[in-house]
Amino acid sequence: KITYGSKTGSVTFETRESFGQSNEAILQSYLEGPLSDNVSQPFPAGVSLTLLKVADNQASIVLTDGYAALSGLNLSIANVCLSKTVMELCNVNTVTIQCESEALGGSPSIIIDSHELLIFDESIGPNGSLQTTETSTSE
């Protein structure tokens, strides 16, 4: 399950087949954009993964500098989508995001912890139950 923006400006997800692929390959495919028209691409075109490191319940990712073009709400949504995807994919609670040489929103890196992540997520229903409106695709 990978997380993208929804057409309504919140966060939703898309399920892809990824059997046998490395986490790096899955993330690179994810950064290239959704397969479905029902979700939105929160990342600038051409952004790619240059490093993924997982240790001690934390993941650190380095992206190409195109990611640093994001700011404000667009950066926040992209960070949430990316962090939720990395947390699930790598089974970690904390994600550090940085670019090769550019700052993100004025900081050298952004750290997102699952315990501090509060977003409007379309996959969670009003009573806290998981909604079944996911978009399934396979490659």
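Right after helix 2 comes Asn 91, a residue with a positive phi, near 55°. (Helices here are DSSP runs of H or I with at least four residues, strands are runs of E with at least two, and both are numbered from the N terminus.) The model is a predicted one, so to speak of local features takes pLDDT of at least 70 and side-chain atom pairs count only at pLDDT 80 or more, while totals for chains, interfaces and linings use all residues. Residues are numbered from 1 along each chain as its sequence is written, and side-chain values use heavy atoms, with hydrogens and water left out.

Helix 2 itself covers residues 72-90, and its length checks out: at 1.5 Å a residue, its 19 residues should span 27 Å, which agrees with the 27 Å between its end C-alpha atoms. That expected span is 1.5 Å times one less than the number of residues. Quite a list of its residues is buried, including Leu 75, Ala 78, Leu 82, Val 86 and Cys 90; buried means under 20% relative accessible area, exposed over 50% and partly exposed in between, with a 1.4 Å probe and protein chains only. An α-helix has 3.6 residues a turn, so residues three or four places apart point the same way.

Now for the sheet. Its 4 strands run in the order 4-5-6-7, with the sheet open and the pairing mixed. At the edges sit strand 4 (49-55) and strand 7 (110-113), each pairing on one side only, where a pair needs at least two DSSP bridges between the strands. On average, and with direction ignored, neighbouring strands are turned by 15° against each other. Strand 6 (residues 94-99) joins strand 7 in the antiparallel sense over 4 bridges, and Ile 97 stands opposite Ile 110 of strand 7.

Both helices meet this sheet. Helix 1 (residues 23-31) packs on it, touching strand 4 and strand 5, and its direction makes about 135° with that of strand 4. Helix 2 lies across strand 4, strand 5, strand 6 and strand 7, at about 55° to strand 7. Axes are lines fitted to C-alpha atoms, for helices over the stretch in contact, and angles run from 0 to 180 degrees between N-to-C directions.

The loop between strand 5 (58-63) and helix 2 holds Thr 64, which counts as buried at 16% relative accessibility. Beyond its neighbours within four places in sequence, Thr 64 is in contact (heavy atoms within 4.5 Å) with Gly 46, Val 47, Ser 48, Thr 50, Cys 99 and Glu 100.

Overall, the chain has 2 helices and 8 strands, and 41% of its 139 residues count as buried.
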